[in-house]
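Open the model in a viewer and keep the selection panel at hand. The tour goes from the whole chain to single residues.

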Amino acid sequence: MKVLETYLVAGLTGLLFYMIHSPIPWMLGAITGMLVWKTATKRTLVAPKFLSNIGLIILGTYFGLSFTKDTFLTIAPYIVPFLVVAVLMIAITITNSIIVAKWIHVDKITSVFASVPGGLSEMVAASESLNANTALVTIFQTIRLLTVVFLVPTFVVHWLNSGASDSALPNGAALMSDGNYLWFALSIAGGLLLRNLIPAAYVVGPLAATAMMHVSGIELPALPAWLIVFAQISVGMNMGNRITVEDIKLGGKFGWVYFLLALLLIALSLGCGYVFAKLTNLPLATALLSLAPGGLVEMVLTAQSVGGDPSIVSSLQFIRLLLVILVVPNVLKWAFRKFDYMT
């Protein structure tokens, strides 16, 4: 019954956000609904992780359907300049967080891992190995996550003057095409097999498997619109259940500092995305969302709603994800030990 209550709260708030034309309404609505309901009623809601994983598999499969042979030819020339810009953004973020640490009572290691735009759990684990204040890393990363997830889609949608309501019901999602749903068993297997090997496996695995099948010429059916909505709600309510207002308040007087750092990172990414679009032939929406420091799922859904290319956004965001989660923590750990930044 607790799960039903959770879906009711998340679903109704998602519907409200859909009616007011919010960007990615079912996900942002679910996150907001969970936060407000838990705070107002003091009730404990249940959002099982396996339901969120199912939602991620569905969304990964859906994203994979947008891939064509041209996608890989399109992104190839952009990979190197994309990596250069992504590394530059990360370097600026790290520099800013070190400068900030000099003015507030937070050590450099904690400040850096609290600011880097990576996975929350990965940043906390990496900071713990260097004896950082993992509680503050968790809180400040949560502030960064909420800032990016809510502001980037809203800003991009309104900047590009596109309605966001289409993100709730993806184009053509409700239309059935020829194809056998049994093929999607391979998409599910992709997520399960990779779950302990790569970050965001429940999205990336199904996305890769579906994309390969689609590109190879296998005729796949479209996914029903209601299934995409269910997936967004399931992912959103899990995110909302992991975040509490009390956790954010624990950031105390320094929370606003990392909120401003998140805003600076967003502004930097949008500026770089604009330049990236001017230097290449990528559409503005696609370039902006490829560099945006948000989650892969949120940015691809936003690309879907503003007319960007979700296959290119998902490809480049995955490259950024690997860079931030696999490379950056290890480089930071080496650098802090090498230059004796331990405090």
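What follows is a series of selections, each with a note on what is there.

**Whole chain**

Start with everything selected, and keep in mind that this is a predicted model. Colour by secondary structure: the protein chain has 16 helices and zero strands. Then colour by burial. Of the 343 residues in the protein chain, 56% are buried. If you display the accessible surface, its area is about 15,200 Å², and carbon and sulfur atoms hold 69% of that. For a contact map, take the contacts with a separation of 6 or more: 76% of them join residues 24 or more positions apart.

**Helix H1 and the salt bridge**

Select residues 2–19, which form helix H1. The end C-alpha atoms of H1 are 26 Å apart, and its 18 residues at 1.5 Å a residue should span 26 Å, so the two agree. Show side chains next. The buried residues of H1 are Glu5, Thr6, Tyr7, Val9, Ala10, Gly11, Thr13, Gly14 and Phe17. Add H2, H3 and H11 to the view, since they are among the elements that cover these buried residues. Just after H1, stop at His21, where phi is positive, at about 60°.

Go back to Glu5 and add Arg43. How many salt bridges does the structure hold? It holds one, and this pair forms it: the closest N and O atoms of Arg43 and Glu5 are 2.8 Å apart. Glu5 belongs to helix H1 and Arg43 to the loop between H2 and H3, so the pair ties together parts 38 residues apart in sequence. Are the two partners buried or exposed? Glu5 counts as buried because its relative accessibility is 15%, whereas Arg43, with a relative accessible area of 40%, is partly exposed.

**Helix H5**

Select residues 79–101 for helix H5. Measure from end to end: the C-alpha atoms there are 33 Å apart, which agrees with the 33 Å that 23 residues should span at 1.5 Å a residue. The buried residues of H5 include Phe82, Val85, Ala86, Met89, Ile90, Thr93 and Ile94. Further along, Asn96, Ser97, Ile98, Val100 and Ala101 are buried as well. To see what the buried residues of H5 pack against, show helix H6 (108–115), H13, H14 and helix H16 (310–338).

**Aromatic pairs**

Keep H5 visible and select the aromatic residues. A search of the whole structure finds seven aromatic pairs. One of them is Phe82 with Phe276: the ring centres are 6.4 Å apart and the planes stand at 50°, so the pair counts as tilted. Phe82 is in helix H5 and Phe276 in helix H13, so far along the chain that 194 residues separate them. Both Phe82 and Phe276 are buried. Add Tyr78 to the selection, and ring pairs link it with Phe82 and Phe276 into a cluster.

Move to Tyr181 and Phe184 for another pair. Their ring centres are 5.9 Å apart with planes at 55°, so this pair is tilted. Tyr181 is partly exposed because its relative accessibility is 36%, whereas Phe184 has a relative accessible area of 8% and is therefore buried.

**Ser187 in helix H9**

From Phe184, step along to Ser187, which lies in helix H9 (residues 184–194). With a relative accessibility of 0%, Ser187 counts as buried. Beyond its sequence neighbours up to four places away, Ser187 touches Thr61, Gly205, Pro206, Ala209, Thr210 and Met213.

**Nonpolar cores**

Clear the view and select Leu59, Phe63, Val152, Leu223, Leu289 and Val297. Among the 49 residues of the largest nonpolar core, these touch the most other members. Elements that give two or more residues to this core include helix H3 (49–64), helix H8 (134–159), helix H10 (201–215) and helix H14 (284–291). Helix H15 (296–306) is also among them, and H15 gives the most, with seven residues.

Centre on Leu289. Leaving out residues up to four places away in sequence, Leu289 touches Val152, Val156, Met299, Thr302, Ala303, Val306, Val313 and Gln317.

For the last stop, select Ile94, Met123, Ala126 and Val137. These are among the 19 residues of another core, which lies apart from the largest one. Ile94 has already come up on this tour as one of the buried residues in H5.

Conventions:
Residues are numbered from 1 along each chain as its sequence is written. This is a predicted model: local features need pLDDT of at least 70, side-chain atom pairs count only at pLDDT 80 or more; totals for chains, interfaces and linings use all residues. Side-chain values use heavy atoms; hydrogens and water are left out. Helices (H or I, at least four residues) and strands (E, at least two) are DSSP runs, numbered from the N terminus. Buried means under 20% relative accessible area, exposed over 50%, partly exposed in between (1.4 Å probe, protein chains only). Contact means heavy atoms within 4.5 Å. A nonpolar core is a set of buried Ala, Val, Leu, Ile, Met, Phe, Trp, Tyr and Cys residues joined through side-chain atoms within 4.5 Å. Rings of Phe, Tyr and Trp (its six-membered ring) pair if their centres lie within 6.5 Å; planes under 30 degrees apart count as stacked, over 60 as edge-to-face and the rest as tilted. The expected span of a helix is 1.5 Å times one less than its number of residues. Accessible areas come from the Shrake-Rupley method with a 1.4 Å probe; for residues, only the protein chains shown count as cover. A salt bridge is a side-chain nitrogen of Lys or Arg within 4 Å of a carboxyl oxygen of Asp or Glu.
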